[in-house]
Amino acid sequence: MTKTITIIKSVLSFYIEGFKNMKLGKSLWLLIAIKLFILFVIMKWLFFPNYLKENFINDNQRSEYILQQLTKE
Amino acid sequence: MEATDILVDWSRAQFALTALYHWLFVPLTLGLTFIVAIMESIYVKTGDIWWKKTTKFWMSLLAINFAIGLATGIIMEFEFGTNWSNYSWIVGDIFGAPLAIEGLMAFFMESTFFAVMFFGWDKVSKKFHLLSTWLVAIGSNLSALWILIANGWMQHPVGMKFNPDTARNEMVSFAEVFFNPNGVSKFLHTVSSGYVLASLFVMGISAWYLLKKKDILFAKRSIIVSASFGLIASLFLIVSGDESAYNVAQTQPMKLAAMEGLYKGKSDAGIVVVGVLNPKKDISNDEDPFLFELEIPSALSFLAYHSTDSYVAGINDMIYGNKEHGIISTKEKMRQGSLAVNALRTYKDAKKQNDSLKAKEALEVFEKYQKYMGYGYLDKASDAIPSVAISFYSFHTMVALGSWFTLLFILALYFTIKDKIASNKIILRMMLFTIPLGYIAQESGWIVAEVGRQPWAIQDMLPVGMATSNIASSSVMITFWLFAILFTGLLIAEIKIMLTQIKLGVEGGH
């Protein structure tokens, strides 16, 4: 147990120190954070709903809809 | 233009925009990870601190590219769910496995070892650090493997069975999907093209240092590594390109004909080295396809079938059919495709009415004609022809640039080994100005692959027009422009941060 805690602590301090000592990396992380916010919060949430998940309750309905699309005259 | 056509065109344009922008970032990562791994290996072997500095410098540019490019591909997955829901549903089971493996591998291999690569200098042993750098290179390339296998499947669907009850393709053989010749050759050709691009990038920036008479030793060493790596990758690119063309000839003959502007099929078909297409030419007239062309005799037959006297089918053969060579006309494929679609409809209705006999009969008809199901959705035979001009010019641009890159690597190596590179400003300038050409070649390659396979989202099975969701084209238009702004912003940020880092030089902060 103590060994596991020591490993976790050393892994955490590896990351924390790594981030602290970054020069270029800090601005890159900021850029990544902004980009991920735009992509996942704004874009995905506002503009990219999953069409089949939003409009149909279950897979049977989805299959039925797609089959209808594939066989419409 | 009908509303559905507008929707399809905007959905297409949006996907093309995101894919092309995404591909500005990926190939550099694929190649640069290997270049830094090679440089670090030399450092570990020699203990020379300059190799460590060189490795760290290129690693910093890799970090910028990785950070900016990160998650740009996820947008395509958003688009699959929103704009291409029919397609996503139909391919779902096939794409699920490769993309899930890609996600897991990318997360565990790249992310974990990326941290060691950047934070681990002086914290872990030299050998473990080197191992991490190699694992990042291998991991990022393996991520590309799964995506390209999925793409290869769309170009040549194998290892699956269409389930008429769920309207989904179900995987029956993972091995067939994984070893799909189209996917394998696509992977090898694509990653090696990434190595070439990264080599051009390292070589070009090193040339800039030499032109500025700055960090000379670092620049010369970087040129030696990148030009050697680039030359080997270029030679492999020729082999994998040949394999790709061979696979295209077997599975997508219309694409090959469009790439070469070949309307009338022939034996001993030549490859056009340089040519200008006749804009008046189409399948309905007898105009010469070219205003001017220079070709290598028999080379296309050899490329397509590895035999100089083989018959290469032209666009006309595939549209009108050619009994002598056993080529079915597009009209006949459309007839068979319509029979498959009608049978699927009958099957669906019979199942609803619990008429099992009728359903069984309909299913037999469907399975008989299923091979050309996609043709049942085409309005006219000419819809099966991709844009000849785009396919032809992008293919020839890619090949011409690829040839130039090979020559440039040889020249760079020769002058560096002779220790004359620093004084040869012409070669240095050519190296610098070839960086954007590397990107043009990359994008041209994808344009050939994707425009050349039109009208198919899944080859012969699902045309693009049937793959889209039933959504308003205005929403696709809005998101198209949002992406255009976002990606352009990211590209500007990348170039700006990279230029700042390059100006700081090898001793600059990383």
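Helices here are DSSP runs of H or I with at least four residues, strands are runs of E with at least two, and both are numbered from the N terminus. With that in hand, Asp268(B) can be placed in the loop between β3 (266-267) and β4 (271-277) of chain B. Keep in mind that this is a predicted model.

**The two chains**

Let's start with chain A. Its make-up is four helices and zero strands, so to speak an α-α-α-α run from the N terminus on. The radius of gyration of chain A is 23 Å, whereas a compact globule of 73 residues would come out near 11 Å. Just 15% of the 73 residues in chain A count as buried.

Chain B has 17 helices and eight strands. Its radius of gyration is 25 Å, close to the 24 Å that the globule rule gives for 510 residues, so chain B is as compact as a globular protein of that length. Buried residues account for 51% of the 510 in chain B. If you take the contacts in chain B between residues at least 6 apart in sequence, 76% of them join residues at least 24 apart.

Here are the overall numbers for each chain.

| Chain | Radius of gyration | C-alpha span along principal axes | Buried residues |
|---|---|---|---|
| Chain A | 23 Å | about 65 × 35 × 15 Å | 15% of 73 residues |
| Chain B | 25 Å | roughly 80 × 50 × 40 Å | 51% of 510 residues |

**Where the chains meet**

How many residues of chain A are in contact with chain B? There are 28 of them, and they meet 38 residues of chain B. On the chain A side, the elements that give two or more residues are α1 (2-20), α2 (24-47), α3 (51-55) and α4 (59-71). The largest share comes from α2(A), with twelve residues. Sorted by class, this side of chain A has 18 nonpolar, six polar and four charged residues.

**Domains and core of chain B**

The domain assignment splits chain B into domain 1 (3-252 + 386-504), domain 2 (262-325) and domain 3 (335-381). Taken over C-alpha atoms, the centres of domain 2 and domain 3 of chain B are 35 Å apart.

Ala381(B) is worth a look here. The domain assignment has domain 3 of chain B end at residue 381, and Ala381(B) sits in the loop between α13 (356-369) and α14 (388-417) of chain B. Is Ala381(B) buried or partly exposed? It counts as partly exposed, because it has 18 C-beta neighbours inside 10 Å and the buried class starts at 20. The C-alpha atom of Ala381(B) is 8.7 Å from that of Tyr320(B), although the two are 61 residues apart along the chain. Leaving aside residues up to four places away in sequence, Ala381(B) touches Ile319(B), Thr330(B), Lys331(B) and Met334(B).

Now for the inside. The largest nonpolar core has 163 residues, and those that touch the most other members are Ile35(B), Trp58(B), Ile315(B) and Leu462(B). Helix α1 (residues 3-46) of chain B gives the most to this core, with 17 residues. As for Leu462(B), its contacts beyond four places in sequence are Tyr87(B), Ile90(B), Gly374(B), Trp456(B), Ala457(B) and Ala467(B).

**Local backbone details in chain B**

Strands β1 (residues 160-163) and β2 (residues 168-171) of chain B run antiparallel and are joined by four bridges. One of the pairings puts Lys161(B) opposite Glu170(B) in β2(B). Four residues lie between the strands of this hairpin, and Ala167(B) takes a positive phi near 60° there. Ala167(B) is not a glycine. Why does Ala167(B) count as buried? It has 23 other C-beta atoms within 10 Å, and 20 or more is enough for that class.

Asp268(B), from the opening, is another residue other than glycine with a positive phi, in this case near 50°. Asp268(B) has 16 other C-beta atoms within 10 Å, so it is partly exposed.

Finally, there is a cis peptide bond between Gln454(B) and Pro455(B), with omega at about 10°. Pro455(B) lies in the loop between α15 (425-451) and β7 (456-458) of chain B.

Methods: Residues are numbered from 1 along each chain as its sequence is written. Chains are lettered from A and ligands numbered from 1 in the order in which they are written. This is a predicted model: local features need pLDDT of at least 70, side-chain atom pairs count only at pLDDT 80 or more; totals for chains, interfaces and linings use all residues. Two strands pair if DSSP finds at least two bridges between them. A residue is buried if 20 or more other C-beta atoms lie within 10 Å of its own, exposed if 12 or fewer, and partly exposed in between; C-beta atoms are placed from the backbone. The radius of gyration is taken over C-alpha atoms; the globule rule is 2.2 Å times the number of residues to the power 0.38. Two residues are in contact if their C-beta atoms, placed from the backbone, lie within 7 Å. Ala, Val, Leu, Ile, Met, Phe, Trp, Tyr, Cys and Pro count as nonpolar, Asp, Glu, Lys and Arg as charged, and the others, Gly among them, as polar. Domain bounds come from an automatic or database domain assignment. A nonpolar core is a set of buried Ala, Val, Leu, Ile, Met, Phe, Trp, Tyr and Cys residues joined through C-beta atoms within 7 Å.
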